[in-house]
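Here are some notes for a colleague who is opening this structure for the first time. They are best read with the model on screen, one point at a time.

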Amino acid sequence: MSEQKKLIYNNEICTGCRSCVVGCSLYHDGECGKVVSRVAIVRNEQHGESYVVGCDGCTDAPCAAVCPTGACAMDPVAGITKVDANKCIGCKECANACPFGAINMHYKTGKAFKCDLCEGRDEGPVCADWCVSGAISYETPTIAMKGKRREKLNERLKAAKVGEEG
Amino acid sequence: MYGWAGQRLRVDLTTGEITKEPLSYEYRRKWIGGRGFNSEVMYNEVPANMDPFDPRARVCFGTGPMSGTAAPSTGRVTVTCKSPLTGGFGDSNMGGHWGAEVKYAGYDQIIIQGRAKHPVYLWIDDDKVEIRDARHLWGKFPRDADPMIKQELGDEDIHIMMIGPAGENMVRFACAFNDVWRAAGRTGTGAVIGSKNLKAIATRGSGTVKIADPKKMMDVCNRLRQAFKTDPMKIGLNMFGSLCLINVANRDGWFPWNNFQFGSHPLANNVSGESHAETVLKHREGCFACPIACGRFTEIRDGKYAGETFGGPEYEHAVPTGPRCGIVEDPNDVWHNCRLTNDYGLDAIECGGAISSAMEWFQRGLITTKDTGGLELTFGNADATEKLIHQIGQRKGFGAILAEGADRAADKLGLPKEAHYYTITTRGMTLPGDDPRGLGFGYGLSFAVGTRGGCDHLRSLCCLELSGALYPGLNTKLLGDESANKPVTTNGKSYMVYYEENQKATTDCLNVCCFTTHWSYAVLTPDQVEYLNAVTGLDFTEEEFQEVGERVVNLERAYWNKHMSGAREDTVPERFLKEPMPENGVDYQTNIGATLPLNEMLPQYYKYRDWDSKTGFPTERKLKQLGLENVAKDLAPLRSKYLSEAEKKNVKYYV
């Protein structure tokens with residue numbers, strides 16, 4: 001069985017444009033806004049820094065572990081936790097437990113909502129699809145790590161070469 | 001309500017009164033939003049003879065029905081006021097995220113009027129609006145004041161519109177910022193905000209924009225965002241920012257070296273986007289929902305300015321206080337000046353225009369070091385330029401005179417008429433760093449007729465002649481003439497400017513970024529109509545879409561007409577008409593010897609516009625056709641008055 005894909009965030013190149021945010025909210029809720037987006041951008045304008053905050057798809061997911069009703073539970077097929085709105089009582093335990101702040105309470109229902117990898121969308125999660133910089137990608141961690149390994153190695157080799165010449 | 005928030009916020013700083021006014025369906029349909037709403041308010045609420053600094057004058061911030069939605073680049077805001085620089089119609093447009101935030105807070109427009117007794121800022125927390133003391137923020141650079149406000153309000157995720165010290169000092173070309181670095185540069189909006197004792201508008205919006213047809217909207221956005229992935233202009237803008245123009249400008253001979261005396265320079269590549277990306281680029285920045293992300297964040301890494309960081313630069317940000325003032329050898333001087341104009345909150349274009357005009361006066365012996373307070377204003381003198389930017393921002397020394405803008409400065413100094421030849425302005429505003437003898441004759445025409453003074457690379461933004469060649473068949477499709485994609489020709493240019501001005505005006509009404517629709521042509525009118533209808537649930541057609549733009553252009557034109565500004569003033573700086581483009585040591589420069597044949601294009605342009613060729617006023621027929629009956633009535637007695645003053649000398653600025 002092939003490995004499950006995950007959303008991978010690379011904050012170094014995020015432009016902070018929030019295309020992911022508007023795409024996410026439009027796809028899931030049919031309206032556009034930061035408050036209904038499953039992914040968030042934290043910006044620090046003064047220093048020109050932007051960070052993506054979204055569900056990292058934890059294997060031992062704290063959100064599922066603390067849920068008192070079993071509403072938030074791991075979906076073994078998708079490889080990510082999902083919230084069953086029928087079971088959710090809106091206690092915010094999962095939102096508090098998430099180490100990244102990737103779970104919010106919905107302004108209409110008062111219940112928890114989070115990333116579901118845009119279940120059913122052929123092109124994959126809209127945030128990664130619309131990301132202009134590549135700061136959000138949707139790929140298998142093993143392949144992503146292979147790419148990263150080679151990239152870092154090349155950087156080291158290049159630095160060493162400059163050192164020799166310099 | 002879909003798309004729009006459905007109300008505008010009006011704040012009177014004299015009385016402290018805060019009102020929310022509903023916007024009717026007819027009003028929204030007629031003006032759409034952003035620039036349309038703002039221009040309507042300007043025309044009907046700010047009389048032509050009013051001083052721009054009069055407390056009764058308005059400053060408007062407009063968002064559009066697309067603001068905050070998933071369409072490409074929906075974070076723009078139009079800032080409109082009576083321009084203290086030109087005395088006429090003034091507006092400017094900025095990116096960033098504040099526009100979307102205002103929409104999420106529930107407003108389509110914010111109108112500020114009156115004058116506070118002491119410096120204040122506005123805190124818009126959704127439906128709660130509060131006027132707060134800003135005395136401790138007065139005099140602070142935006143990059144320092146922004147975090148102070150965030151800390152004070154206990155929320156670092158809010159977005160803030162702000163002016164810098166230049167706006168507080170009412171420098172006539174001060175600008176407004178949001179998100180610290182995104183400027184609404186032109187026409188001096190910052191000075192009017194400063195005149196009202198308003199430092200900032202902090203905003204938290206926790207609402208959403210409702211979409212009438214989400215599925216349709218998702219389909220359109222998917223399609224457009226896919227198109228951007230391979231769009232040729234997007235790739236250049238994303239890689240190198242708008243500085244990607246530098247090498248193109250140098251090749252085509254519109255690099256404004258030494259105040260437009262030359263069109264090229266052998267060292268231009270020093271300040272190109274390519275060099276910038278290699279040496280000082282820290283980060284790429286995107287405005288709200290943007291698939292291009294042309295914004296830069298810069299960190300100077302060596303030399304005496306090492307360690308300085310700032311948001312930007314853009315092409316038009318770097319060129320005026322750099323190459324236009326003769327500075328190109330050490331790019332760090334150029335980047336440093338960009339940071340300074342940001343800090344003070346100055347329109348970099350006008351600031352560079354004023355300094356380079358003074359440099360040319362100095363070169364021609366019209367002024368000496370006695371006038372300049374000892375500054376040797378020779379082209380390329382980076383130290384003097386830096387000192388002058390500080391002086392202008394603080395309104396001190398010779399800078400206090402230049403802070404009035406180049407034309408007013410010439411008169412204040414009592415210089416002969418000849419001095420105005422070197423200010424490179426029309427209707428009181430200086431041109432951006434784009435020489436129409438090389439950039440394109442369409443741009444030249446656009447500079448002459450634009451409805452916010454002389455700048456107006458953003459009035460028509462007729463890139464059909466600049467990037468048009470990257471989209472084969474596009475000029476044929478839109479204008480019926482493929483040869484219009486060549487810059488240095490008059491073919492099809494009158495219609496191009498007419499078409500692009502209308503198209504750009506509606507785009508500003510929607511408040512989406514014109515880089516998605518005019519630089520890059522990935523989004524065309526049918527796409528815009530499609531996403532507008534998907535968002536609002538209405539049934540706009542392409543014809544109606546263009547007509548709204550035409551209505552806005554004609555209304556703004558009429559505002560100038562009320563100032564006795566018409567056909568006589570529809571010209572470009574004489575340099576472009578009289579001086580053939582000289583060589584300057586760049587052997588691949590393509591336009592040597594060119595002048596701008598403005599008079600070959602103007603009559604045809606008036607015909608497309610249905611403007612009277614003698615006065616340059618919109619005809620009564622045209623105004624009525626656009627539903628501007630009240631404007632037709634206003635202009636009726638002024639037509640003969642304008643003609644009877646035909647012998648009057650060209651006015652360089654108004655009120």
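1. The model is a predicted one, and a good place to enter it is its largest nonpolar core. This core has 248 residues, and those that touch the most other members are B:Tyr121, B:Ala200, B:Leu346 and B:Leu402. Among the elements that feed this core, α14(B) gives the most, with nine residues.

2. B:Ala200 deserves a look of its own. Leaving aside residues up to four places away in sequence, B:Ala200 touches B:Tyr121, B:Ala134, B:Ala145, B:Ile149, B:Ile160, B:Met161 and B:Met162.

3. Helix α16 of chain B covers residues 382-394, and its length can be checked by simple reasoning: at 1.5 Å a residue, its 13 residues should span 18 Å, and because the end C-alpha atoms are 19 Å apart, the expectation and the model agree. Just after α16(B) comes B:Arg395, which has a positive phi, near 50°.

4. Which residues of α16(B) are buried? They are B:Ala382, B:Ala384, B:Thr385, B:Leu388, B:Ile389, B:Gln391, B:Ile392 and B:Gly393. The partners against which these buried residues pack are, in chain B, α5 (165-168), α13 (331-344), α14 (348-363) and α17 (397-402).

5. The pairing of α16(B) with α13(B) can be followed in detail, since the two helices pack at an angle of about 5°, with their axes 10 Å apart. An angle under 35 degrees counts as roughly parallel, so α13(B) is described as roughly parallel to α16(B). On the side of α13(B) the residues involved are B:Asp333, B:His336, B:Asn337, B:Leu340, B:Thr341 and B:Tyr344, and they meet B:Ala382, B:Thr385, B:Glu386, B:Ile389, B:His390 and B:Gly393 in α16(B).

6. Another helix pair in chain B is formed by α21 (residues 441-449) and α23 (residues 493-510), which pack at an angle of about 55° with their axes 9 Å apart. The two helices are therefore oblique to each other, and their crossing is right-handed. The contact involves B:Phe441, B:Gly442, B:Leu445 and B:Ser446 from α21(B), together with B:Lys493, B:Ser494, B:Met496 and B:Val497 from α23(B).

7. Is B:Ser272, a loop residue, buried or exposed? B:Ser272 lies in the loop between α10 (257-260) and α11 (273-279) of chain B, and it counts as buried because 22 other C-beta atoms lie within 10 Å, where 20 or more are required. Not counting residues up to four places away in sequence, B:Ser272 touches B:Leu243, B:Ile246 and B:Asn247. The C-alpha atoms of B:Ser272 and B:Pro331 are separated by 9.1 Å, although these residues are 59 residues apart along the chain.

8. Chain A holds five helices and nine strands, arranged along the sequence in the pattern β-α-β-β-β-α-β-β-α-β-β-α-β-α. The C-alpha trace of chain A spans about 65 × 40 × 30 Å along its principal axes, and 40% of its 166 residues count as buried. Of the contacts in chain A with a separation of 6 or more, 54% come from residues 24 or more positions apart.

9. Finally, the two chains meet, with 23 residues of chain A in contact with 35 residues of chain B. On the side of chain A that touches chain B, the elements giving two or more residues are α1 (19-29) and β2 (31-32), and α1(A) gives the most, with six residues.

Note on methods: Residues are numbered from 1 along each chain as its sequence is written. Chains are lettered from A and ligands numbered from 1 in the order in which they are written. This is a predicted model: local features need pLDDT of at least 70, side-chain atom pairs count only at pLDDT 80 or more; totals for chains, interfaces and linings use all residues. Helices (H or I, at least four residues) and strands (E, at least two) are DSSP runs, numbered from the N terminus. The expected span of a helix is 1.5 Å times one less than its number of residues. A residue is buried if 20 or more other C-beta atoms lie within 10 Å of its own, exposed if 12 or fewer, and partly exposed in between; C-beta atoms are placed from the backbone. Two residues are in contact if their C-beta atoms, placed from the backbone, lie within 7 Å. A nonpolar core is a set of buried Ala, Val, Leu, Ile, Met, Phe, Trp, Tyr and Cys residues joined through C-beta atoms within 7 Å. Axes are lines fitted to C-alpha atoms, for helices over the stretch in contact, and angles run from 0 to 180 degrees between N-to-C directions. Angles under 35 degrees count as roughly parallel, over 145 as roughly antiparallel, 65 to 115 as roughly perpendicular and the rest as oblique. A crossing is left-handed if the near helix is turned anticlockwise from the far one by less than a right angle, and right-handed if clockwise.
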